[in-house]
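I sat down with this one and a notebook, and I jotted down what I looked up as I went. Here are my entries.

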Amino acid sequence: MTVRARSTAFVGRDAEIAVLRDALKRARTDEPAMVLVGGEAGVGKTRLIEEFARHGGDARFVVGQCLELGEEGLPYAPFCAILRDLIRAEGVAVLDGHEPEFARLLPELGPVAPDANRGVLFDQVAALLSRLATGRPLVVVLEDLHWADRSTRDLVEFLVRAARTARVLLICTYRTDELHRGHPLRGFVAELDRARGVERLDVGRFDRDGTAEILASIFGGEPTQRSIDKVHQRAQGNPFFVEELAASGDPAACADIPESLRDLLLARVDRLPESAQPVLRIAAAGGSRIGHDLLTTVAALPEAELDAALRAAVTAQLLVADPDGGYEFRHALVREAVHDDLLPGEHARLHARYAAAIEADPTLVGAGRAPAEVAHHWYAAHDHPRALVTSHAAGVAAGERYAHAEQARLLERVLELWEQVPDAADRLGVDHLTLLEETMVATYTAGDFKRALSLNRAALSAIDRSDQPLRAARLLTRRGKLLSALGKSDGSPSLREAVALAEAAPDDAARAMLLADIAYQISRVDRDEGARIASVARASAESLGHEAAVVHATLTLGRVCARHVAAQEGLTELRLAEARAKSAGDLEGLVHARVNISDALFEIGDYAGSAEAAALGTKDAGKAGVDRSSGAFLRSNHAEALVALGRWDEADAICAESARFDPPGHLGLHWLQLRAGLRLARGDASAPELIGRALAFLARPYVSAQHRMPLLTLKIEAALSAGDPAAAAEAASAALTAGAEPTTETDWTAPPGASDLVANPRYAWPLLAAAARASAAADDATLRSMIQSVVPGIECLYPADRAYAAQIAASLSGRAAQPPGPVRASGSAGPAEADRLVAAASESAAAGRSASGRIPVQGGVSAAEARERWVVAVEAWRADGQRYALARALVGLAEAAAAAGDRAAAGDALEEAGAIAADLDARPLRDEVARLARRVGLRGAVGAGPDVLTAREREVLRLVAVGHSNSRIGAELYLSPKTVSVHVSRIIAKLEVTNRIEAAAVAHRLGLLGPEMIAGGQTTASGH
């Protein structure tokens, strides 16, 4: 990637910009207005003001900079700079003949007026600002007020308290980290804060998302989650530090602080008294936070001397005293720079003293932190034998707390030290193979699948499979899982070898647990074999009376036998397994159970129950430290249920949370596919990029059917959304003909690849529904034949299945070739109505083929029959409860009703569909509703009220109604004119008007013009 030195994007700060905008509006109405903008160095105060100025509309900005010269420095420095800029731009005429008075500020203007005093000077400055603000508002920006001299502060106070210059906004920035206890600005700011019209604005650090946006701008693309985490952890959201770290190269590989930033950080340390600097170095070796007692023990200094040094560091804003009686570095990078500046011997001695102190008294650090702290300090002290032993002990302790990422890191360190300590095995009491297995399990559980696969490979090469068959089978099972999750293969060869080894081993609880694990994984590629192994595992576990093994075997059977037993019976088994796991304190089993339960509830149409189970499971996953593995399933299950319920904002937030956890391999696919589909349905600008990332998974050597089919559905939907029915039909045909070898172009039979569809009805029905839409849009007879050949083999058990079947029947109304057999059912099969609908979808239309060879839209099915099919589809979706699918079916019903001449029914359907689309903010669907209403002459049937518009569109409409141009609207709302133009076009389309004047009339009619709209004295204008 090409690296730019600085971010070009303005990130966040919407709330801060709003405060400045409000202040400018007050200034426009002659109200006194001043904003004190505070924040630490590098947090973005200047960038905030620059962005505000860029979209400041007609306001004039003048800027002056205070200089770091102290109290005895240049008086009035920022006002001198402003005067010079004004004279350079407009000449001395701007002073209105008062050069002698201003000569006190600028000697080059000539002799000073003999009677000039400070009061006269202050009055002249106020008068000058007033003249500049006559035609348009004036914004006076004074940067770095913490360096201001006394005279500058007095002039500022005069302008605020006495002059109260009309239509002038005064903005002063200052560094909060420079305001030590005796700093003169502290009292000055406190006094000003009490004056009328003065507002304080604190600019804080960015959160992780803000850091990610800055990095994306610098690197020209989305950075990895690891890069974001690493930079955010070090820079702690300070934009300047983020940019400095990123500018040195790949942030994920950036180990050292750039020299320029290091010098800047250490310059403040160098200003400390000599007696305080050694104490700061000792504190830096202890970490970003350190308790007072620990620091006292390690420093071994007289109490008065230590207190004096700490007070100096706190006063200099390098350390912050925390409420718990300890100290924290104000910024992590300061600690890092000081620590890196330690001499090698000093570094080793300090860390050894910390290790010894904590070993002697573990209460010097937080509860449970002693093992990891001791291990860290012995490792940093380069005492390899002690580091080996303490790192392993700390790793074990971390695993007991479910801190698997920390456990993996510590055990990796033990592997690193193994060769450097000759008697490592004796010291630890474990052999190298056991250590490899422990580390592999920790890295797998923590979600580092690539590293786990490497460790698994090393362990398999070191084991004798004939001597330790069960141990080898466990490693082979893990290998199969990893290969599948990383998309390298389905892992079946390793799994089948594991089965053979495990079944030949003696029967015990470990074997039963392993067989259940193998069954769960192998069922993805061979459901029957998975069911057989799961039955063996459950029988073994029950005979042994091993509760955890029974739970895992039951859960595996529940997954493998889904749709082969009655839904309620399967859920009862899963609930029993959940209860057993909870009773036994089996957290891993409980997480496993709630993954399966949320999945099962979704399939039967209990979306609220699914969301609830997934939310509970997500909390359990956090407790178990499996956020990046099992937690990934639960979060995506939760988001999927919320999408079905129409709670799209919540679903999107959960997808964002999943992105932050960065699940490995295919575990990161489900949330990405869900979010891509959600953004596509909302017409979001980010949809193409998300869709591209999701569809890239299809290029991997292996993608399981339950992942592949939703991706193929997304591909079809994306093409339809892009208005390319031919591409959608091509994608659908490719999805349905995978592995097929038709004898001729038209003689098509159900392909071998259709077995995936038959085996996975939950994912097959949405794919077939999307294919049916593509077939209708492209009028593709061959694709219709494909769909009809596959549909009879797909089970139709649950409400969503029946709704999809009805939707397919309606989509293919009158466009089919030969009627297929009835929908296959087993167990609690769907109602006969679903069978009838799908069969009806296949009624021959051959007699209706036109001279051009295309099948007419209605073919052999009457308009009334087509409408009836859409009525059934709508009612099926209403019964299921998925709101977006219901809205789409309502649009289909409206079109069919209009074709049948029932304009009233069409209007009712469009009104309901439009309301749902507006509630979901599904903009493309909402636009489709409006277009269809216009096309069939139902203008006004669909309510075009303010609820149809987004919040931003309502803001734009209000300003359109006031008469503003696009440029003026952009200035008011901090948007580019091009973006405003897009909003205006959407408003015109949604309100079903033809121009801005009609849109303004609608705004008046709907009461969208409130008194708060005409701010700053603005009134309805002619559009300029």
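**Entry 1: a cut-off before I start.** I call a residue buried under 20% relative accessible area, exposed over 50%, and partly exposed in between. I also remind myself that this is a predicted model.

**Entry 2: two phenylalanines.** I tried the cut-off on phenylalanine 240, which has 24% relative accessibility and therefore counts as partly exposed. Phenylalanine 241 comes out at 8%, so I wrote it down as buried.

Then I looked for aromatic pairs, and the search of the whole structure found 8. In the pair of phenylalanine 240 and phenylalanine 241, the ring centres are 6.0 Å apart and the planes meet at 55°, so I noted this pair as tilted. I also found an aromatic cluster made of Tyr76, Phe122 and Phe158.

**Entry 3: helix H19.** Does the length of this helix come out as expected, and what should 15 residues span at 1.5 Å a residue? For H19, residues 404-418, the expected span is 21 Å, and the end C-alpha atoms are 21 Å apart, so the two agree.

Next I asked myself how many residues of H19 are buried. I got 11 of the 15, so the helix is largely enclosed by the rest of the structure. Among the buried ones are His404, Leu410, Val414 and Trp418. The cover over the buried residues of H19 includes helix H17 (370-380), helix H18 (384-400) and helix H30 (607-624). Helices H20, H21 and H22 are also part of that cover.

**Entry 4: arginines over rings.** Arginine 413 is one of the buried residues of H19. I found that arginine 413 lies over the face of tyrosine 379, 4.4 Å from the ring centre. Another arginine does something along these lines: the charged end of arginine 386 sits over the ring of tryptophan 378, 4.6 Å from its centre.

**Entry 5: leucine 590 and glutamate 578.** Leucine 590 is in helix H29, residues 587-603. Its relative accessibility is 7%, so I count leucine 590 as buried. Leaving out residues up to four places away in sequence, leucine 590 touches Glu578, Ala581, Lys582 and Asp620.

I followed the contact to glutamate 578, which sits in helix H28, residues 567-584. Is glutamate 578 buried or exposed? Buried, because its relative accessible area is 12%. With the nearby sequence left out again, glutamate 578 touches Leu590, Ala593, Arg594 and Ile597.

I also checked leucine 590 against alanine 624: they are 34 residues apart in sequence, and their C-alpha atoms are 9.8 Å apart in space.

**Entry 6: strands.** Strand E8 (residues 326-329) pairs with strand E6 (residues 289-291) in the antiparallel sense, over 3 bridges. Glycine 291 stands opposite glycine 326 of E8. Strand E7 (residues 319-321) is also joined to E8 by 3 bridges, and these two run antiparallel. Here valine 320 has glutamate 328 in E8 as its bridge partner. The hairpin of E7 and E8 has 4 residues between the strands, and glycine 325 takes a positive phi near 90° in it.

**Entry 7: cysteines.** How many disulfides does a search of the whole structure find? It finds 0. I looked at two cysteines anyway. Cysteine 80 has 4% relative accessibility, so I put it down as buried. Cysteine 796, at 1%, also counts as buried because of the under 20% cut-off.

Terms used:
Residues are numbered from 1 along each chain as its sequence is written. This is a predicted model: local features need pLDDT of at least 70, side-chain atom pairs count only at pLDDT 80 or more; totals for chains, interfaces and linings use all residues. Side-chain values use heavy atoms; hydrogens and water are left out. The expected span of a helix is 1.5 Å times one less than its number of residues. Buried means under 20% relative accessible area, exposed over 50%, partly exposed in between (1.4 Å probe, protein chains only). Contact means heavy atoms within 4.5 Å. Rings of Phe, Tyr and Trp (its six-membered ring) pair if their centres lie within 6.5 Å; planes under 30 degrees apart count as stacked, over 60 as edge-to-face and the rest as tilted. A charge sits over a ring if NZ of Lys or CZ of Arg is within 6 Å of the ring centre and within 35 degrees of the ring normal. A disulfide is a pair of cysteine sulfur atoms within 2.5 Å. Two strands pair if DSSP finds at least two bridges between them.
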